[in-house]
Amino acid sequence: MAINHFEEYDDPILYDQENEAYFPELPFLLKWAEKQQGIIVDLACGTGRLTIPLAKRGYHLAGVDIHNGMLTKAKQKSDQHGVRIDWREQDCTVLDLQIKSHFIYCVGNSFQHFHSNEEQDRFLTSVYKHLHDDGIFIFGTRFPSEEELLQPSTEEYWRSYKDNEQVTVDVYTISQYDSLSQIQHYTTIRKYKNQDGTIINEKITGIQLRYVFPKEMERLLRSNGFEILHHYSDWQESEITNDSYESIYVCRKKNS
């Protein structure tokens with residue numbers, strides 16, 4: 001799997017500043033973790049945003065990611081929290097963990113990083129191989145709504161926050177959707193401002209995300225040996241609608 005389109009993950013410190021305190025998935029994952037036994041596998045785990053909270057609650061976790069820098073930061077954090085996690089640097093499309101799990105999850109919309117049909121198949125094949133029969137696979141992806149795909153290709157303000165140095169960061173995005181590839185090309189612009197509002201620095205990164213439509217996903221999962229148990233629009237188990245922002249899938253591996 002190519003990682004040259006992952007500029008957003010090149011800076012683990014920046015990633016944590018913007019994402020570490022955000023884990024709406026945790027109650028949902030805990031609900032399913034309580035029903036399983038043995039090791040839980042967090043695919044595309046990043047810096048351990050959810051791996052570590054689950055491990056702190058007593059679960060045995062393996063965290064897998066392709067980015068060495070993210071995993072290095074994850075290990076530092078798990079050491080600080082005093083939890084033991086089996087961190088693995090691997091490509092999720094060709095997993096070889098030498099373990100099987102009753103529960104695997106992949107959140108943070110990471111499924112969108114598998115751009116081609118072949119990459120999606122290889123990823124799901126890897127997940128299937130590492131699940132016990134009737135094992136549960138949970139993942140989320142952005143819902144391909146009209147509003148999501150047809151964003152204007154001009155710079156738009158998204159949000160502001162203060163970084164670790166208490167500098168104000170204004171975040172802007174530019175997006176362009178390619179209908180043939182079903183890939184949204186995002187440019188993120190971070191403008192760092194001092195106390196009087198003067199821009200003192202600017203960081204520009206790019207990322208590309210594949211969108212999958214619901215009927216397409218049904219066929220994709222079924223052809224790779226999964227049964228969809230639930231399809232929600234968020235981690236609070238809301239009903240999926242045309243105006244949804246997310247697609248949350250709870251799948252079960254069919255008996256091999």
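Phe111, Phe114, Phe123, Tyr128, Phe137, Phe139, Phe226 and Tyr249 come together as one aromatic cluster. Here rings of Phe, Tyr and Trp (its six-membered ring) pair if their centres lie within 6.5 Å, with planes under 30 degrees apart counted as stacked, over 60 as edge-to-face and the rest as tilted. By this rule there are 15 aromatic pairs. Take phenylalanine 103 and tyrosine 105: their ring centres are 5.9 Å apart and their planes stand at 45 degrees, so this pair is tilted.

A word on the basis: this is a predicted model, where local features need pLDDT of at least 70 and side-chain atom pairs pLDDT 80 or more, while totals for chains, interfaces and linings use all residues. Residues are numbered from 1 along each chain as its sequence is written, and side-chain values use heavy atoms, leaving out hydrogens and water.

Now to helix H5, residues 117-129 (helices are DSSP runs of H or I with at least four residues, strands runs of E with at least two, numbered from the N terminus). Its buried residues (under 20% relative accessible area, 1.4 Å probe, protein chains only) are Glu119, Gln120, Phe123, Leu124, Ser126 and Val127. Seen down the axis of H5, they fall within an arc of 155 degrees (taken from the directions from the axis to the C-beta atoms), so they line one face of the helix. These residues pack (heavy atoms within 4.5 Å) against strands S1, S4, S5, S9 and S10 and helix H7.

Two charged ends sit over rings (NZ of Lys or CZ of Arg within 6 Å of the ring centre and within 35 degrees of the ring normal):

| Charged residue | Ring | Distance from ring centre |
|---|---|---|
| lysine 35 | tryptophan 32 | 3.9 Å |
| arginine 159 | tryptophan 158 | 4.9 Å |

Terms used:
Expected span 1.5 Å × (residues − 1). Buried < 20%, exposed > 50% of the residue type's maximum accessible area, 1.4 Å probe, protein only.
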